[in-house]
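User: I am new to this one and would like to understand how the labels are earned. Could you walk me through it?

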Amino acid sequence: MSRRKKSRRHSSRHTINWSRKKEIICKTLCVTDALQEEKSKLEVEMAVPVEMTQNIVAENARVAQDQDEY
């Protein structure tokens, strides 16, 4: 077998591997549906403690505290 045929064979195999790798990279970087869904769920979950914290801070600002007791 000549060097040229070996080279083409290797090149073809390399191209297929690179094509597969490129597809995996693209899916990893570009397909974010699952991440977007998880982000939405976490935002909803986070809303509860955020609101509770805001309410506590607002109450603390409204209610006078006895500095001697504090």
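Analyst: Happily; what follows goes through this predicted model label by label.

User: Let's start with the overall picture. How many helices and strands are there?

Analyst: The protein has two helices and zero strands. Helix α1 covers residues 3-30, and helix α2 covers residues 33-62.

User: What share of the residues is buried, and what would a residue need to earn that word?

Analyst: Buried residues make up 0% of the 70 residues. The word is kept for a relative accessible area under 20%. The accessible surface of the protein comes to about 7300 Å², with 56% of that surface belonging to carbon and sulfur atoms.

User: Why is Trp18 called partly exposed?

Analyst: Trp18 has 49% relative accessibility. Exposed starts over 50% and buried ends under 20%, so a value in between is called partly exposed. Trp18 sits in helix α1 and joins Ile25 and Leu29 in a nonpolar surface patch of about 350 Å².

User: What makes Arg20 and Glu23 a salt bridge?

Analyst: Their closest N and O atoms are 3.1 Å apart. The cut-off is 4 Å between a side-chain nitrogen of Lys or Arg and a carboxyl oxygen of Asp or Glu, so the pair qualifies. In general, side chains of opposite charge can pair when their charged atoms come close. Arg20 and Glu23 both belong to helix α1, three residues apart, which is about one turn of the helix. Arg20, at 46% relative accessibility, is partly exposed, and so is Glu23, at 37%.

User: Which residues share a network of salt bridges with Arg20?

Analyst: Glu23 and Lys27 are linked with Arg20 in that network.

User: How many salt bridges does the whole structure hold, and how do you know that Lys41 and Glu37 form one of them?

Analyst: A search of the whole structure finds four salt bridges. For Lys41 and Glu37, the closest N and O atoms are 3.4 Å apart, and that is within the 4 Å limit, so the name applies. These two are four residues apart in helix α2, and therefore separated by about one helical turn.

User: Why is Lys41 called exposed, while Glu37 is called partly exposed?

Analyst: The line is drawn at 50%. Lys41 has 54% relative accessibility, so Lys41 counts as exposed. Glu37 has 48%, so Glu37 counts as partly exposed.

User: What makes Lys39 and Glu43 a salt bridge too?

Analyst: Their closest N and O atoms are 3.1 Å apart, which is within 4 Å, so they meet the rule. Lys39 and Glu43 are four residues apart in helix α2, so about one helical turn separates them. Lys39 is partly exposed at 46%, and Glu43 is partly exposed at 41%.

User: How does the span of α2 compare with what is expected, and where does α2 bend?

Analyst: α2 has 30 residues and reaches 43 Å from its first C-alpha to its last, close to the 44 Å expected at 1.5 Å a residue. The bend, of about 30 degrees, is at Ala47, and a proline, Pro49, follows within four residues.

User: How many disulfides does the search find?

Analyst: Zero disulfides turn up in a search of the whole structure. Cys26 is in no disulfide, and the nearest cysteine sulfur, that of Cys30, is 3.7 Å away.

User: Why is the sulfur of Cys30 said to be too far for a bond?

Analyst: A disulfide requires two cysteine sulfur atoms within 2.5 Å. The sulfur of Cys30 is 3.7 Å from the closest cysteine sulfur, in Cys26, so the pair does not qualify.

User: Are Cys26 and Cys30 exposed or partly exposed, and why?

Analyst: Cys26 has a relative accessible area of 41%, which lies between the two cut-offs, so Cys26 is partly exposed. Cys30 has 52% relative accessibility, over the 50% mark, and therefore counts as exposed.

Note on methods. Residues are numbered from 1 along each chain as its sequence is written. This is a predicted model: local features need pLDDT of at least 70, side-chain atom pairs count only at pLDDT 80 or more; totals for chains, interfaces and linings use all residues. Side-chain values use heavy atoms; hydrogens and water are left out. Buried means under 20% relative accessible area, exposed over 50%, partly exposed in between (1.4 Å probe, protein chains only). Accessible areas come from the Shrake-Rupley method with a 1.4 Å probe; for residues, only the protein chains shown count as cover. Patches are made of residues with over 30% relative accessible area and no salt bridge: like charges are joined within 9 Å, nonpolar side chains (Val, Leu, Ile, Met, Phe, Trp, Tyr) within 5 Å. The expected span of a helix is 1.5 Å times one less than its number of residues. The bend at a residue is the angle between axes fitted to the seven residues ending there and the seven starting there.
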